[in-house]
Amino acid sequence: MTAQVPDPSTSPARPADWWRGAVVYQVYPRSFADTDGDGIGDLNGITARLDHIASLGVDAVWISPFFTSPMKDFGYDVADYCDVDPVFGTLADFDRLIARAHALGLRIITDLVLAHTSDQHPWFRDSRQSRTGPRADWYVWADAKPDGSPPSNWQSVFAGPAWTWDARRGQYYLHNFLPEQPQLNLHNLAVQDALLDAARFWLDRGVDGFRFDAINFALYDPALTDNPPAPPGGKRTRPFDFQSHVHNQSWPQIPAFLARVRALMDGYPGRFSVAEVVGDAAEPEMQAFTAGESHLNSAYGFAYLYADALTPDLVRRANAAWDGAPGQGWPSWAFSNHDAPRAVSRWSQGRDRERFARMAMLLLMSLRGNVFVYQGEELGLPQAEVPFDRLVDPEAIANWPETLGRDGARTPMPWRADAPHAGFSTVEPWLPVDARHPPLAVDRQEADPGSILHLTRRLIALRKREPALRLGSLRFLDAPPSILAFERELGADILTCVFNLGHETEAWTPDGRFAIIQSVNLDAAAPPGLPPLSGWIGRRLAI
């Protein structure tokens, strides 16, 4: 379907660095709002709820994939980069969404999945027909070993070998995820050109940026060298966990491809690019993918998303590589997203979840870098419990019950506490609504000035109001083991941020005098002790 391309002049003002220190709200479209009564969220549902997102004060909205797809991995298996899947709507619906977002001052960031496609994509259908066709080498094909086994020992993220035999070509093809997600051959410049054309299609429609999914899987060792075993230790629930992934991902030529992406995006002023970087070596890759002015603007890894506990040491390690040195890129951080259990459930450790959610939001808004808020995080939603017979995530089903998968973070957004299915849909949703979620619904929290929703708005406004929080340097302070303390400094302005991540009250306070500008879970502005799961931000005063 063809729809009129929006006029870029209607987009929000685009200063080149609007994204630096920005707050980005992530929408998982299947679970945000259903307007056509099929139990699945859609683009019109996002448009109808943009006022809620704008009311938070965020700078941009990242929308997970809505492209044409057979939905084997719920949109991360793309069958057409330049169209909308009918379950989500049409290109005209997307154009209305982006026009409404821009009218509200919101920028729109979309996912782009550049490492693989669906096996239903026309490119792959052509590629598998013969070894000599025009797209024969657009994907990663290789002959079997003499004994018929796969070309290498590489394992897929979703369990099992990363190779599947194709009888039509008499070869194996590579897939780092599902067999239905064949790996593109980005060593072929024609493939890169085609992907850049897809990006250009959305940029021309007024999209303000891209989040590049699993981009460190984009290139691989063309010699198909076996991966070595992983070092001893660590949790292993999949064959993938037994290897060090030095040959099937993270290949040194990836930054050169990202430089081509950046060159394209530089032709569209004010656009933002952020890489998702998966794996044990995420920080060095994040640095490489964002170095200088010729690569992506930002990157984020899974330092927080896969962490079992929130500790001062975790925050120190996550931020260690980002000291603001010349030529360094800009980090992005998320505590929750569609791929990881919600932070309030991972990290509360039996403590009060509401207190934890409040403290975590204050901490997130205090970090140096861009920050991502996942839908429902502004409500303090816990991880949903999804019974086995309702699981749809292929990873969850394959590894149950050792890993609970991603479904519990993807359940429907609760809009109205007393409505069927919490106001998400008029029919049974694709994933069930957890019984603990309707009491936390948007309408109920709107009516309560003391709710986490209203606190989130105040904290985002604080971040936007205080340049030191958006743009300042970060320096950690010495503190007791359970206390996280750091300073955000910009020019002569110094903000001190203190959090008690432990289970007991701590009497410690940093040296100096402070004017408290924001606190959570404290009974007084400057208490003699810091209760567990409390925090404050104070402006340092001259002595």
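Author: Let's start with a definition: buried means under 20% relative accessible area, exposed over 50%, and partly exposed in between (1.4 Å probe, protein chains only). This is a predicted model, in which local features need pLDDT of at least 70, side-chain atom pairs count only at pLDDT 80 or more, and totals for chains, interfaces and linings use all residues. Residues are numbered from 1 along each chain as its sequence is written, and side-chain values use heavy atoms, with hydrogens and water left out.

Reader: Why is Asp126 called partly exposed?

Author: Its relative accessibility is 37%, and partly exposed covers what lies between under 20% and over 50%. So Asp126 counts as partly exposed.

Reader: What makes the pair Asp126 and Arg135 a salt bridge?

Author: A salt bridge is a side-chain nitrogen of Lys or Arg within 4 Å of a carboxyl oxygen of Asp or Glu. For Asp126 and Arg135 the N to O distance is 2.5 Å, so the two side chains meet in a salt bridge. Arg135 is partly exposed, with a relative accessible area of 25%. The structure holds 30 salt bridges, and Asp73, Asp339, Asp393, Arg406 and Arg410 are linked in a network of them.

Reader: How do you know that Arg317 is exposed, and how far is Arg317 from Asp313 in helix α8?

Author: The relative accessible area of Arg317 is 51%, and exposed means over 50%, so Arg317 is exposed. Asp313, at 43%, counts as partly exposed. Both residues lie in helix α8 (residues 312–319), 4 residues apart, about one turn of the helix. Helices here are DSSP runs (H or I, at least four residues), strands are runs of E (at least two), and both are numbered from the N terminus. The closest N and O atoms of Arg317 and Asp313 are 2.7 Å apart, in a salt bridge.

Reader: What makes Arg444 and Asp418 a pair that ties parts together?

Author: Their closest N and O atoms are 3.3 Å apart, and the two form a salt bridge. Arg444 lies in helix α12 (residues 442–446) and Asp418 in the loop between α11 (394–399) and α12, so the pair ties together parts that are 26 residues apart in sequence. Arg444 is partly exposed at 40%, whereas Asp418 is exposed at 70%.

Reader: Why is α5 called roughly parallel to α6?

Author: Two packed helices are described by the angle between their axes and the distance between the axes. Axes are lines fitted to C-alpha atoms, for helices over the stretch in contact, and angles run from 0 to 180 degrees between N-to-C directions. The axes of α5 (residues 189–204) and α6 (residues 254–266) come within 11 Å and cross at roughly 30 degrees. That makes α5 roughly parallel to α6, since angles under 35 degrees count as roughly parallel, over 145 as roughly antiparallel, 65 to 115 as roughly perpendicular and the rest as oblique.

Reader: Which residues make the contact between α5 and α6?

Author: Contact means heavy atoms within 4.5 Å. On α5 the residues are Leu189, Gln192, Asp193, Leu196, Ala199, Arg200 and Leu203, and on α6 they are Phe257, Arg260, Val261, Leu264 and Met265.

Reader: Is Ala214 buried or exposed?

Author: The relative accessible area of Ala214 is 3%, and buried means under 20%, so Ala214 is buried. Ala214 is found in the loop between β9 (209–212) and α6. Its phi is near 40 degrees, a positive value in a residue other than glycine.
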